Amino acid sequence: MTADTYIASGNEVELFEQAFREHIPVMLTGPTGCGKTRFVEHMGVLLRQPVVTISCHDDLTSSDLVGRFMVTGGDVVWTDGPLTRAVKAGAICYLDEVVEARHDSLAILHSLTDHRRALYLDRADEVVQAPDSFMLVCSYNPAYRSSLKELKPSFRQRFATIPMKYLAPDQEAEVIVAESGVEPATAQRLVHCANAIRHADEVFHFEPPSTRVLVTAAKLIAAGASEMSAAEACILAPLSTDGAINDGLREVAAATLLSRNG
Ligand SMILES: Nc1ncnc2c1ncn2[C@@H]1O[C@H](COP(=O)(O)OP(=O)(O)OP(=O)(O)O)[C@@H](O)[C@H]1O
Ligand SMILES: [Mg+2]
């Protein structure tokens, strides 16, 4: 499996292509490690578009996005930020964890995400019209949402939203095999283990184990770790910050996995 191989869980590939053709921005939501970044990379390859990724955080200013005047060798010159570069290049611009950005930083996106499809660079006194191939894609994890960090309705309603979730068991096992090279039976046990934890009562205050941790556990198993010790390191310990996992969840994991090699 290469970095752009993606196994679809529903109609998300078609929806994304349709949105691309109609110049509709896309919002991906879903838990950590469920495949959001992988999906965008895959769509970039499928649509033959470069992907420019911007990770959002609460210090991100609109100047970080669009650019700023900078002093270089005594001259003051305008330098495009990653968003402006993506618009000019007609790329897919992927704003990861967009809820982390402040509302005033995101306001710059409004004109870009409606019929105008233009970026207003007030300071540079320039209007950049987005070419047909430009597409804005944002993502966030609804589980991290706090009342302080809500996207405004005026922002959310500009996007076609694609909710992403973990793959069905057979497909998730297929991903694990392809990414790690473990035996299908091992991958199936890991998926079984993850689903048992995802559905356990004890997990309600944890972010459940993702496809990402299953792939990581599978790689350790491929390198010789026992299933249980790989699960301990990659599935159970990361559930909580202090690594204190209650015995109930450990038993849930142990019931689905082999404890010894071979
Ligand atoms: N549908 C899928 N097809 C192929 N691989 C997948 C899929 N879903 C998850 N994966 C695997 O899981 C890993 C994590 O996925 P990815 O990085 O896309 O998650 P994410 O949703 O972007 O997470 P985060 O919110 O933490 O950024 C990938 O590197 C890949 O190995
Ligand atoms: Mg990601």
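In this predicted model, strand β5 covers residues 92-96, and four of its five residues are buried, so the strand is largely enclosed by the rest of the structure. Look next at its partners. Strand β2, residues 51-55, pairs with β5 in the parallel sense, over five bridges. You can find this pairing by locating V51, which stands opposite I92 of β5. Strand β8, residues 135-140, also pairs with β5 in the parallel sense, here over four bridges. A handy landmark for this second pairing is L95, whose bridge partner in β8 is C138.

Following the chain out of β5 brings you to E97, in the loop between β5 and α5 (103-106). Its phi is near 50°, a positive value in a residue other than glycine. That is worth a pause, because most residues other than glycine have a negative phi. As for its surroundings, E97 has 18 other C-beta atoms within 10 Å, and it therefore counts as partly exposed.

A second residue of this kind is found in the loop between α2 and β2: R48. Here phi is near 55°, again a positive value in a residue other than glycine. R48 has 7 other C-beta atoms within 10 Å, so it is exposed.

Now turn to the ligand. Ligand 1 is surrounded by 18 residues, and the closest are T32, G35, K36, T37 and R38. Three elements each give two or more residues to this shell: α2 (36-46), α7 (169-180) and α9 (211-222). Sorted by class, the shell holds six nonpolar, eight polar and four charged residues. Where does ligand 1 lie with respect to domain 1 and domain 2? Domain 1 (12-163) and domain 2 (169-256) both contribute residues to the shell, so the ligand lies between them.

One of the shell's contributors, α7, repays a closer look. Its buried residues are E172, A173, V175, I176 and S180. Seen down the helix axis, these buried residues fall within an arc of 155°, so they line one face of α7. You can also check the length of this helix with simple arithmetic. At 1.5 Å a residue, its twelve residues should span 16 Å, and the C-alpha atoms at its ends are 16 Å apart, so the two values agree.

Definitions and conventions. Residues numbered from 1 in each chain as written. Chains lettered and ligands numbered in written order. Predicted model: local features only at pLDDT ≥ 70, side-chain atom pairs only at ≥ 80, totals over all residues. Near = placed C-beta within 6 Å. Nonpolar A, V, L, I, M, F, W, Y, C, P; charged D, E, K, R; others polar. Domains from an automatic or database assignment. Buried ≥ 20, exposed ≤ 12 C-beta atoms within 10 Å, placed from the backbone. Pairing = 2+ DSSP bridges. Expected span 1.5 Å × (residues − 1). Arc of directions from axis to C-beta.
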